[in-house]
Amino acid sequence: MTLDRARLAGLRNYQSSEWYAALVIRPLTIAVTYPLADWRWVTPNRCTTAGNLAKLAAAALILSPGHWLLAAILLQVGVVFDHMDGMLARYRRTFTKLGSFYDKVSDMITWTAIMGAAGWQAARRRPAGRPPRAWRRDRADARRRAGGRAARAGPPRAARSTCG
């Protein structure tokens, strides 16, 4: 398969400047989109839907222990489809306000689900009733500091009660 330079130039986008998107996701998206770009049944909204399904499946897998690798792979597939929808819409000049709205709202929903699942899993992995180690260390330091001040700044010895 030979690459058509004009077609490849139409597929390229330089919207995201983050290093991971620029070095990993963008080339991967171009590689996936190049053979599919002229298939009429592959639409930007269908790409958004496929990305949503992959990311929601990843969020569900984050909640089940032992499936972290599959969750990470599905999350990357979802991100590729998420980049592919915009690239395909710009390439075909079929971008709409509804498609843009659908993409943005679905991103908010799926990333909220992913972060919620990750937070839930992190909270489940901590023993119940015990704060994280850093919090315990900070409280111990605060008690040590307060204990030193309390001993120096307490009431005079004669005023203390001797009962009991």
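Tutor: Before we start on this predicted model, one cut-off is needed: a residue counts as buried when its relative accessible area is under 20%, and as exposed when that area is over 50%.

Student: With that cut-off in hand, is aspartate 82 buried or exposed, and why?

Tutor: Aspartate 82 has its place in helix H4, and its relative accessibility comes to 18%. Because 18% falls under the 20% limit, the class to which aspartate 82 belongs is buried.

Student: Which residues does aspartate 82 touch, if those up to four places away in sequence are not counted?

Tutor: One of these residues is already its partner in a salt bridge, since aspartate 82 pairs with lysine 55, with 3.7 Å between the closest N and O atoms. With sequence neighbours up to four places away set aside, the residues that aspartate 82 touches are Lys55, Asp103 and Asp107.

Student: How many residues apart are aspartate 82 and lysine 55, and which helices hold them?

Tutor: In general, side chains of opposite charge can pair when their charged atoms come close. Here aspartate 82 and lysine 55 are both buried, and their salt bridge links distant parts of the chain. Aspartate 82 belongs to helix H4 (residues 68-92) and lysine 55 to helix H3 (residues 44-63), and the separation in sequence is 27 residues.

Student: How many salt bridges does a search of the whole structure find, and which residues are linked in a network?

Tutor: The search finds two salt bridges, and besides the pair of aspartate 82 and lysine 55 there is a contact of lysine 55 with aspartate 107, at 3.2 Å from N to O. This pair also links distant parts of the chain, with lysine 55 in helix H3 and aspartate 107 in helix H5 (residues 97-125), 52 residues apart. Lysine 55 and aspartate 107 are both buried. The network of salt bridges is therefore made of Lys55, Asp82 and Asp107.

Student: Turning to the nonpolar interior, which helix gives the most residues to the largest nonpolar core?

Tutor: The largest nonpolar core has eight residues, namely Ala58, Ala59, Leu61, Ile62, Ala71, Leu75, Ile114 and Ala117. Helices H3, H4 and H5 each supply at least two of them. The helix that gives the most, with four residues, is H3.

Student: Which residues are in contact with isoleucine 114, leaving aside its neighbours within four places in sequence?

Tutor: Isoleucine 114 is a member of the largest nonpolar core and is among the buried residues of H5. Its contacts beyond the sequence neighbours take in lysine 55 of the salt-bridge network as well as members of that core. In full, they are Lys55, Ala59, Ile62 and Leu75.

Student: Against which helices do the buried residues of H5 pack?

Tutor: The buried residues in H5 are Gly99, Asp103, Ser106, Asp107, Thr110, Ile114, Ala117 and Gln121. An α-helix has 3.6 residues a turn, so residues three or four places apart point the same way. For the buried residues of H5, the packing partners are H3 and H4.

Student: How far apart are the end C-alpha atoms of H5, and why does this agree with its number of residues?

Tutor: The expected span is 1.5 Å times one less than the number of residues, so the 29 residues of H5 should span 42 Å. The ends agree with this expectation, because the distance between the end C-alpha atoms is 42 Å.

Student: Which residues make the nonpolar surface patch of about 370 Å²?

Tutor: Leucine 69, which lies in helix H4, counts as exposed because its relative accessible area is 65%, a value over the 50% limit. Leucine 69 is one of the residues of this patch. The complete set is Leu69, Leu70, Ile73 and Val77.

Student: Which residue has a positive phi although it is not a glycine, and what is the value?

Tutor: Most residues other than glycine have a negative phi. The residue in question lies in the loop between H4 and H5 and is exposed, with a relative accessible area of 65%. It is arginine 93, and its phi is about 60°.

Note on methods: Residues numbered from 1 in each chain as written. Predicted model: local features only at pLDDT ≥ 70, side-chain atom pairs only at ≥ 80, totals over all residues. Heavy atoms only, no water. Salt bridge = Lys/Arg side-chain N within 4 Å of Asp/Glu carboxyl O. Helix = DSSP H or I, 4+ residues; strand = E, 2+ residues; numbered from the N terminus. Buried < 20%, exposed > 50% of the residue type's maximum accessible area, 1.4 Å probe, protein only. Contact = heavy atoms within 4.5 Å. Core = buried A, V, L, I, M, F, W, Y, C linked by side-chain atoms within 4.5 Å. Patch = residues over 30% accessible without salt bridge, like charges linked within 9 Å, V, L, I, M, F, W, Y side chains within 5 Å. Areas by Shrake-Rupley, 256 points an atom, 1.4 Å probe, with all protein chains shown as cover.
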